[in-house]
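Me: I am new to this structure and would like a close look at a single loop. Could you walk me through that part slowly, and then show me how its surroundings are put together?

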Amino acid sequence: MPRSIRVFLLLVLPALLCSCGGPRVPRPVPVVGTLDVQFVDSAWDGLEVPFSGRCGDCGGGGRSPALRISGLPAQANEIIVEFNDLRIRELATNGGHGTLAMFTGGRPEITLPSVREETMKLPRGVRSAGKHRCVLFGHKDGAYKAPCGCGQGNEYVARVMAVHREGKDKQILAEKTIAMGLF
């Protein structure tokens, strides 16, 4: 047997055979759009976290902002919102202050209602997609933790994503990060 055929059989053929029945590797899907995200309550201006949105530990109301999200792609079946504190490395990404999700029902616009901090009791239709990690700093467990910088100038943001979910697989179709404000 010629050497080139042996090399092919030893190197290339096993790789081809392994790829046929192996696990499905999702292809990366580029983000195709930007969402329009608005605060429902005018007290949220994106500059300073309002009293109602500050954590109870700092004397605030302990509520997340209600968000009106529009411009949803037709294929989006879920909204995911990650709340982050950009000043604290451990809370700056992937929902350090919690991740909430809500199915879209095929609507082009949806409103994520305000939720109370440090609880898993959420409004109908809202689920926790990741508990807040502020328990590392002595706070109670829950789906969301309100901004709790107590006047230190921490910078809070919400990353809003429209996704298409099939089981555990999800594809981000559009997103927008908005400033919640400083506190």
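Reply: Happy to! One definition helps to begin with: a strand here is a DSSP run of type E with at least two residues, and strands are numbered from the N terminus. Please also keep in mind that this is a predicted model.

The loop to look at is the one between β7 (126-130) and β8 (155-166), and Phe 137 is one of its residues. Together with Val 135 and Leu 136, Phe 137 makes a nonpolar surface patch of about 290 Å². With a relative accessibility of 42%, Phe 137 counts as partly exposed, because that label covers values between the 20% limit for buried and the 50% limit for exposed.

Further along in that loop, between β7 and β8, you will find Lys 145. Is Lys 145 buried or exposed? Its relative accessible area is 0%, so Lys 145 is buried. Leaving aside residues up to four places away in sequence, Lys 145 touches Cys 55, Asp 57, His 97, Glu 117, Glu 118, His 132, Cys 134 and His 139. With one of these, Glu 117, Lys 145 also shares a polar contact of 3.1 Å between the side chains.

Another of the residues that Lys 145 touches is Glu 118, which brings us to a second loop, the one between β6 (109-112) and β7. Glu 118 is not a glycine, yet its phi is positive, near 55°. Glu 118 has a relative accessible area of 18% and therefore counts as buried, since the limit is 20%.

Back in the loop between β7 and β8 sits Cys 150. Cys 150 has a positive phi too, about 50°, although it is not a glycine. Cys 150 is partly exposed, at a relative accessible area of 42%.

Now for the strands on either side of our loop. Both β7 and β8 belong to an open sheet of six strands, in the order β1-β9-β8-β4-β5-β7, with mixed pairing. β7 is an edge strand, as is β1 (33-34); each has a single partner strand, so one side of each has no neighbour in the sheet.

β8 stands between β9 and β4 in that order. Eight bridges join β8 to β4, and the two run antiparallel; here Phe 83 stands opposite Ala 158 in β8. On the other side, β8 and β9 (residues 169-182) are antiparallel as well and are joined by 12 bridges, one pair being Arg 159 with Thr 177 in β9. β8 and β9 form a hairpin with two residues between the strands, where Gly 167 takes a positive phi near 65°.

Two more pairings help to complete the picture. β4 (residues 78-85) runs antiparallel to β5 (residues 99-103), with five bridges between them, and Glu 82 has Thr 99 of β5 as its bridge partner. β1 and β9, in contrast, pair in the parallel sense over two bridges, and Thr 34 has Glu 175 of β9 as its bridge partner.

Key: Residues are numbered from 1 along each chain as its sequence is written. This is a predicted model: local features need pLDDT of at least 70, side-chain atom pairs count only at pLDDT 80 or more; totals for chains, interfaces and linings use all residues. Side-chain values use heavy atoms; hydrogens and water are left out. Patches are made of residues with over 30% relative accessible area and no salt bridge: like charges are joined within 9 Å, nonpolar side chains (Val, Leu, Ile, Met, Phe, Trp, Tyr) within 5 Å. Accessible areas come from the Shrake-Rupley method with a 1.4 Å probe; for residues, only the protein chains shown count as cover. A salt bridge is a side-chain nitrogen of Lys or Arg within 4 Å of a carboxyl oxygen of Asp or Glu. Helices (H or I, at least four residues) and strands (E, at least two) are DSSP runs, numbered from the N terminus. Buried means under 20% relative accessible area, exposed over 50%, partly exposed in between (1.4 Å probe, protein chains only). Two strands pair if DSSP finds at least two bridges between them. A polar contact is a pair of N or O atoms within 3.5 Å; within protein, one must be able to donate a hydrogen and the other to accept it, and residues adjacent in sequence count only if both atoms are side-chain atoms. Contact means heavy atoms within 4.5 Å.
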